[in-house]
Amino acid sequence: GKAVALKTDYAQAWNNLGVALHALEALEEARGAYLKAQKLDPRYADPYYGMARLHLAAGRSAEAHGAFRDFLDRTARPPSDESVQKAVAYLAGRERP
C-alpha cells in the first residue's frame, strides 16, 4: 500500500491492505495489517471482520466468534449490509462466511 506508506497512522488504509493481502492468501501479512488497523483505531469495525475471516480460515472458531462479536459491537453499517448479515448468521450458527 501506497496509502499506508504515505500515512502510516491511517487505520482504513491498513484495513484495505489487510483485505488485499487476504485475497492474495498472504494470511500472516493480512493478520498484521488488520491488527495494525485495530491498534490505530479500536472503534473501527472492519478489521475485526477481516480477523474473524482469518480465524475461520485457520480453524479457530472461538477466536472467529469473538472477532465477529467485536465487529458487530463497533459497526455502523445497516442490518442489510452483507458483512453484518454474514456475521449475524455465523454467530447464530447458521452459516460460515
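Modeller: Contact here means heavy atoms within 4.5 Å. The model is predicted.

Biologist: With that in hand, what covers the buried residues of α6?

Modeller: The cover includes α4 and α5.

Biologist: Which residues of α6 are buried?

Modeller: A helix has 3.6 residues a turn, so residues three or four places apart point the same way. In α6, the buried residues are Ser83, Val84, Ala87, Ala89, Tyr90 and Leu91. After α6 comes Gly93, with a positive phi near 80°.

Biologist: Which elements give two or more residues to the largest nonpolar core?

Modeller: Nonpolar side chains tend to be buried together in soluble globular proteins. The largest nonpolar core here has 20 residues, and Phe68, Phe71, Leu72 and Tyr90 touch the most other members. Two or more residues come from each of α3 (27-40), α4 (46-57), α5 (61-74) and α6 (82-91). The most come from α4, which gives 6. Another core of 5 residues lies apart from this one, and its members include Ala11, Ala33, Ala37 and Tyr44.

Biologist: Take Tyr48, in helix α4. Is Tyr48 buried or exposed?

Modeller: Buried means under 20% relative accessible area. Tyr48 has 9% relative accessibility, so Tyr48 counts as buried.

Biologist: Which residues does Tyr48 touch, not counting those up to four places away in sequence?

Modeller: With those set aside, Tyr48 touches Gln38, Pro42, Ala67, Asp70, Phe71 and Arg74.

Biologist: How far apart in space are Tyr48 and Leu35?

Modeller: From C-alpha to C-alpha they are 8.6 Å apart, with their positions 13 residues apart in sequence numbering.

How values were computed:
Residues numbered from 1 in each chain as written. Predicted model: local features only at pLDDT ≥ 70, side-chain atom pairs only at ≥ 80, totals over all residues. Heavy atoms only, no water. Core = buried A, V, L, I, M, F, W, Y, C linked by side-chain atoms within 4.5 Å. Buried < 20%, exposed > 50% of the residue type's maximum accessible area, 1.4 Å probe, protein only. Helix = DSSP H or I, 4+ residues; strand = E, 2+ residues; numbered from the N terminus.
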